[in-house]
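Q: I would like a close look at one part of this protein and at what surrounds it. Please answer in plain terms, and explain each technical word when it first comes up.

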Amino acid sequence: GPGLDLDRFCAQIKARLSTAIAERLALDDATDRVSLEADAHRRFADNLSRFFTGRQELLGEIDRHLDSGTTRSMVVQGASGSGKSSLMAAAALRAAEHPARVVAMRFIGATSDSTHGSGLLGGLCRQIGAAYGVADPVPDDLQELVDLFSSRLALATADRPLVVFIDAVDQLTAGDAARRLTWLPAEVPEHATVVISTLPGDTFDAAGSRSPDVLDVE
């Protein structure tokens with residue numbers, strides 16, 4: 001119901017405050033910044049998943065997509081208040097229960113860096129690189145990050161598959177080029193999976209030529 005939007009907002013405020021405090025206390029090095037960003041989104045997922053009840057069929061659809069070996073991305077679509085963020089949180093945490101998987105999750109707005117395309121993709125590239133032992137410099141330019149994101153996805157292996165969850169791409173800063181979803185690969189590399197969520201029709205047209213699997217949340 002509509003209350004789930006308030007739940008997301010409260011979880012967002014809590015995540016931003018706790019991240020700001022952690023940043024003040026942390027050492028100023030790249031490892032800490034990667035961990036802080038990843039941990040903030042994991043906490044956000046923990047908070048949101050408390051509001052997830054029922055809807056096991058939808059959760060099963062995402063599970064089946066992750067296990068299918070498809071190279072298509074998945075787009076979860078639902079109106080504001082439909083509960084798609086709590087579904088994404090539950091699915092991401094469930095995916096992370098598999099010890100072999102590398103799971104990177106982002107809930108746009110949970111941290112200030114995640115509200116714009118360069119911060120979103122830069123943070124993901126750093127986290128994925130760290131998980132696979134790759135420490136190449138991460139650029140700030142969005143187009144360069146789009147190319148790097150694709151190469152980071154290709155680090156996935158059969159032994160260490162990669163899953164990337166990105167919730168609420170419609171909440172990227174207005175006018176941000178990343179809203180056009182040009183960073184969503186036409187085909188995701190083998191052993192990698194990308195699941196995003198957005199409003200109905202908001203970005204699907206941009207991603208339509210890439211033929212994603214679509215899951216409607218009502």
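What do the buried residues of α3 pack against?

A: This is a predicted model, in which local features need pLDDT of at least 70 and side-chain atom pairs count only at pLDDT 80 or more, while totals for chains, interfaces and linings use all residues. Residues are numbered from 1 along each chain as its sequence is written, and side-chain values use heavy atoms, with hydrogens and water left out.

The buried residues of α3 pack against β1 (74–78), α4 (84–95), β3 (162–167), β4 (192–198) and β5 (213–217). Here helices (H or I, at least four residues) and strands (E, at least two) are DSSP runs, numbered from the N terminus. Buried means under 20% relative accessible area, exposed over 50% and partly exposed in between, with a 1.4 Å probe and protein chains only. A contact means heavy atoms within 4.5 Å.

Helix α3 itself covers residues 56–67, which is 12 residues. From its first C-alpha to its last it reaches 16 Å, close to the 16 Å expected at 1.5 Å a residue; the expected span is 1.5 Å times one less than the number of residues. Its buried residues are L58, L59, G60, I62, D63, H65 and L66. Just after α3, G69 takes a positive phi of about 80 degrees.

Four of the partners named above are strands, and they belong to a sheet. This open sheet of 5 strands has the order β2-β3-β4-β1-β5, with parallel pairing; two strands pair if DSSP finds at least two bridges between them. β2 and β5 stand at the edges, each with a single partner strand, so one side of each has no neighbour in the sheet. From one strand to the next, the twist averages 15 degrees.

Take β1 next. Since 5 of the 5 residues of β1 are buried, this strand is largely enclosed by the rest of the structure. M74, V76 and G78 point one way from β1, V75 and Q77 point the other way, and all are buried. In a regular strand the side chains alternate between the two faces of the sheet. β1 and β5 pair in the parallel sense over 5 bridges, and M74 has D213 as its bridge partner in β5. With β4, strand β1 pairs in the parallel sense over 4 bridges. V75 stands opposite I196 in β4, and Q77 has T198 of β4 as its bridge partner.

Helices lie against this sheet too. α4, which is one of the partners of α3, packs on the sheet and touches β1, β2, β3, β4 and β5. The direction of α4 makes about 165 degrees with that of β3. Axes here are lines fitted to C-alpha atoms, for helices over the stretch in contact, and angles run from 0 to 180 degrees between N-to-C directions. α6 also packs on the sheet, touching β3 and β4, and its direction makes about 140 degrees with that of β3.

β3 is another strand that α3 packs against. It is mostly covered, with 6 of its 6 residues buried. L162, V164 and I166 point one way from β3, while V163, F165 and D167 point the other way. β3 pairs in the parallel sense with β2 over 6 bridges and with β4 over 5 bridges. L162 takes part in both pairings: it is the bridge partner of V102, and its own bridge partner in β4 is A192.

Some of these residues also sit in a nonpolar core, a set of buried Ala, Val, Leu, Ile, Met, Phe, Trp, Tyr and Cys residues joined through side-chain atoms within 4.5 Å. The largest such core has 30 residues, and F149, L162, V164, I166, W183 and I196 touch the most other members. β2 (102–107), α5 (117–131), α6 (142–153), β3 and β4 each supply at least two residues of this core. Apart from it lies another core, of 28 residues, among them F44, V103, V163 and V217. In soluble globular proteins, nonpolar side chains tend to be buried together. I196 touches M74, V75, V76, M88, I166, V169, L181, W183 and L184, not counting residues up to four places away in sequence.

As for the whole protein, there are 7 helices and 5 strands. Buried residues make up 50% of its 218 residues.
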